[in-house]
Amino acid sequence: MPLTQEEITNRRLSIGGSDLASICGVNPHKSAFKLYLEKIGEVVDQNQTDNDLLLFGNVFEEAVAKIYAIKHKVKLDEFKSTLVHPNYNFITGNPDRVCIEDWRLIEIKTTGIRGLSIWRNPENAYELRVPQHVILQVNHYLGLMNWTEADIVLLNFAESYYTERYYEFEIGFDKELFDLSIEMAVKFWKNNVLQKVP
């Protein structure tokens, strides 16, 4: 379902999984400065207000989740609650799906011709790999859940002889990366957002 106005407000008042990449300087779509402006209410995140983007994302996320469940013969549950860090209530997370029987997180992404380059392996243009900003996001969710394994599922809309339509990437939890990203998020929130210092 699309985010409610309350959910949009709550996300503005916290650091979520997709925010970490901006803070860490690896988000190809949003700088740390743009994120800062959103968090202090100076600009609105267009991804949260573009109805077409929200509609397409919700519809295809559900379809991809069904494909994954059929391929793996498992039941996926939509993750409806918000994860909150035990020590910092402004650090949150909203994963896509979970497979309770396997203690496995499922994060669903889609891309088209314009976004495909972000997924290409720089060492082999015929291969796709998980971009840094997605790894940070999923590792963040794993850390908040105290889980160790996740699958990132990519639905590719780009017409190409070199790429498939559907990909699955398995990643494991990296505690060192989680701790570092939390440290950077806390500094960003306390030193920049709360102090209103760009």
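**Notebook: aromatic pairs and strand β5**

I started with F60, which is partly exposed at a relative accessible area of 30% (buried is under 20%, exposed over 50%, partly exposed in between, with a 1.4 Å probe and protein chains only). This is a predicted model, where local features need pLDDT of at least 70 and side-chain atom pairs count only at pLDDT 80 or more, while totals for chains, interfaces and linings use all residues. Residues are numbered from 1 along each chain as its sequence is written, and side-chain values use heavy atoms, leaving out hydrogens and water.

Next I searched the whole structure for aromatic pairs and got 8 (Phe, Tyr and Trp rings, the six-membered one for Trp, with centres within 6.5 Å; planes under 30 degrees apart are stacked, over 60 edge-to-face, the rest tilted). F60 and F157 are edge-to-face, with 4.9 Å centre to centre and 65° between the planes. They sit 97 residues apart, F60 in helix α5 and F157 in the loop between β8 and β9 (166-172) (helices are DSSP runs of H or I with at least four residues, strands E runs with at least two, numbered from the N terminus). F157 is partly exposed too, at 39%.

Then I looked up F90 and W189, which are stacked at 5.4 Å and 5°. F90 is buried at 12%, and W189 is buried at 8%. Y88 joins these two in one aromatic cluster.

Last came strand β5 (residues 104-111), where I found 7 of 8 residues buried. β5 pairs with β8 in the parallel sense over 8 bridges (pairing takes at least two DSSP bridges). R104 has E149 in β8 as its bridge partner.
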